[in-house]
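Work through the exercises below with the structure in view. Try each task before reading its solution.

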Amino acid sequence: MLSLYFLRHGQTQFSRDDNFCGSGLDPDLTAEGRAMASAFAGDYGSMPWAGVFASPLRRTIETARVLTDSWKLGLEIRDGLKEIGYGEWEGKTRAEVERDFHDDYIRWEADPAWNSPTGGERGTVIARRVGEVIEEIKELYAHGPVLVVSHKATIRIALCALLGIDVGRFRYRLACPVGSVSIVEFGSNGPLLRSLADQSHLPAELRALPGT
C-alpha cells in the first residue's frame with residue numbers, strides 16, 4: 001500500500017513572525033527549524049522510504065536534506081509542491097495586508113479557492129499542480145512510504161482535495177504547524193487520513209514554538 005507522508009518544513013523567520021511567506025520568498029530555516037528537521041530524521045530516518053519529494057524552495061530542501069543526506073536517499077524536486085504565491089502580500093503582516101489590500105483580503109478570507117492574494121495564486125491552481133505531483137507519485141510507487149516535503153497552504157490544499165473537503169475551507173478545517181507530518185494511505189477505497197499535523201517527533205520545546 002502506498003502511504004504519503006506530508007511534512008511541512010521547519011521554522012523560518014517568516015513563520016516565526018507570522019508574516020506571509022509564499023513562493024515569492026526563499027528564506028533559510030532558523031536554528032530551531034533545522035532542529036525540527038533533525039528531529040524528524042531521527043524518528044523517521046530508518047523507515048524504508050520508496051521516494052522523497054520536495055518543493056524547490058530552500059526551506060523545504062533544507063528540511064528534506066537532513067534525512068536524505070543522512071540515509072543516502074535521492075531527492076526529487078517538483079515545482080508543483082511549492083508554496084502558494086502571495087503576490088504583493090509577500091513578507092507583510094496580516095495587519096498590513098488588511099490595511100493596504102483590504103478588499104482583496106476580505107475576498108480571499110471568504111474563499112481562497114477562487115480568490116487570490118493580490119497578484120498571487122488561487123487555491124484551485126495549487127490544488128491542480130500539487131495533484132499532478134501526487135498522481136505522478138501514485139504511478140511511480142504502488143507500495144511503500146513516500147515523503148513529500150512541502151508548505152503549510154500547499155499541504156492543507158492537497159489534503160482537502162484528497163479527502164473531499166472544499167478547497168475553499170483549507171485555512172479553516174486543517175492545521176499544519178511547522179515541522180508537522182500528516183499521513184495519507186491509498187487503499188482500495190481511496191485516500192485515508194491516518195495522521196494529521198503530528199508533531200510527536202519534536203521535543204516539547206520545539207512543539208511550543210510559534211509558527212502554526
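Two exercises follow, on a pocket and on backbone angles.

This is a predicted model, in which local features need pLDDT of at least 70 and side-chain atom pairs count only at pLDDT 80 or more, while totals for chains, interfaces and linings use all residues. Residues are numbered from 1 along each chain as its sequence is written, and side-chain values use heavy atoms, with hydrogens and water left out.

**Exercise 1.** Describe the largest pocket and its lining.

Solution.
- Step 1: The volume of the largest pocket is about 340 Å³.
- Step 2: The lining has 23 residues, and R8, N19, Y86, R94 and K152 are the closest to the centre of the largest pocket.
- Step 3: Two or more lining residues come from each of α1 (13–17), α7 (152–163) and α8 (170–173).
- Step 4: By class, the lining holds eight nonpolar, seven polar and eight charged residues. Here Ala, Val, Leu, Ile, Met, Phe, Trp, Tyr, Cys and Pro count as nonpolar, Asp, Glu, Lys and Arg as charged, and the others, Gly among them, as polar.

**Exercise 2.** Locate D18 and A197, and decide whether each is buried, partly exposed or exposed.

Solution.
- Step 1: D18 is not a glycine, yet has a positive phi of about 60 degrees. D18 sits in the loop between α1 and α2 (31–44).
- Step 2: A197, also not a glycine, has a positive phi of about 55 degrees. A197 belongs to strand β6 (residues 190–198).
- Step 3: Buried means under 20% relative accessible area, exposed over 50%, and partly exposed in between (1.4 Å probe, protein chains only).
- Step 4: D18 has 42% relative accessibility, so D18 counts as partly exposed. A197 has 17%, so A197 counts as buried.

How values were computed: 1 Å grid on protein atoms, 1.4 Å probe; cavity = no way out; pocket = protein on both sides within 12 Å on 5 of 7 lines; lining within 4 Å. Points joined across faces, edges and corners; volume = space filled by probe spheres on them. Helix = DSSP H or I, 4+ residues; strand = E, 2+ residues; numbered from the N terminus.
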